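Please open the model in a viewer that can show strands and select residues by number. The tour below moves from one group of strands to another, saying at each stop what to select and what is found there.

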Amino acid sequence: LSPFRRLDGTEVAVPMMRRIDATGTSWTEAPGWQAVSLPYLAGELEMTIVVPDDGRFREVEARLDGPTLAGLRTTMTEVPVDVSLPRVGFTTDVELTDALRTLGVVDAFDTLAADFSGASSEEPLALAGVAHQTFFAIDEEGTEAAGSRPATTSAPAGVDGRTLSSPTTPRTIVANRPFLVLVTDRDTRVPLFYGRVVAPRG
């Protein structure tokens, strides 16, 4: 167990995982933070961890808006990375009905205008609401993420103490304080998940 310093300054002892990779990992830094990108979901996705300097989480989170996050990958360099992360897991539930209406999805919620005849020919159907559940976890068996449905992943390729084949000294990132997580599709660069880890349980 290692100490994790929460936003309020208190500490909690959490299990930490360590991963050392010589290939497939990228790293960057800017004033107040550093970040690492790791292969994710068998290489189909990419997980980026942004670790602000101690005491600068809110400042960094405010600065990393949508366009900045979208362009974050372009500032990264592929280098060996030694990264330590706490074991965490959380689920979020978001009500999307109002957002969909704002985007113009209106008829689907109207019993007179909705057309779901392909799903039922016996009675008219309409949406009462739309909810989205996201699950995210980092644990010993690998990293998992799912949007609305579970997705199994393989264990990380790197292991503690592995000899690096690259002569480059690995960058070191220890997420022992609040950090941000971004999951992106590697081919399209579309962001799929964005979250924050601020108070893991011991």
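Two strands count as paired if DSSP finds at least two bridges between them. With that in mind, and remembering that this is a predicted model, begin by selecting residues 191-197, which make up strand β14. β14 pairs with β13 in the antiparallel sense, over six bridges, and within β14 the residue to pick out is Pro191, the bridge partner of Thr184. Between the two strands of this hairpin lie five residues, and Arg189 takes a positive phi near 65 degrees there.

Next, select residues 179-185, strand β13, where six of the seven residues are buried, so that the strand is largely enclosed by the rest of the structure. Add residues 45-52, strand β6, which also pairs with β13 in the antiparallel sense over six bridges; here Thr48 has Leu182 of β13 as its bridge partner.

Now clear the selection and turn to an open sheet of three strands, in the order β3-β8-β12, whose pairing is mixed. β3 (16-21) and β12 (171-174) stand at the edges with a single partner strand each, so one side of each is left without a neighbour in the sheet. Neighbouring strands of this sheet are turned against each other by 10 degrees on average, direction ignored.

Finally, select residues 81-86, strand β8, together with β12: these two pair in the parallel sense over four bridges. Which residue of β12 is the bridge partner of Val83? Labelling the pair shows Ile173 as that partner.

Terms used:
Residues numbered from 1 in each chain as written. Predicted model: local features only at pLDDT ≥ 70, side-chain atom pairs only at ≥ 80, totals over all residues. Heavy atoms only, no water. Axes fitted to C-alpha atoms, helices over the stretch in contact; angles between N-to-C directions. Buried < 20%, exposed > 50% of the residue type's maximum accessible area, 1.4 Å probe, protein only.
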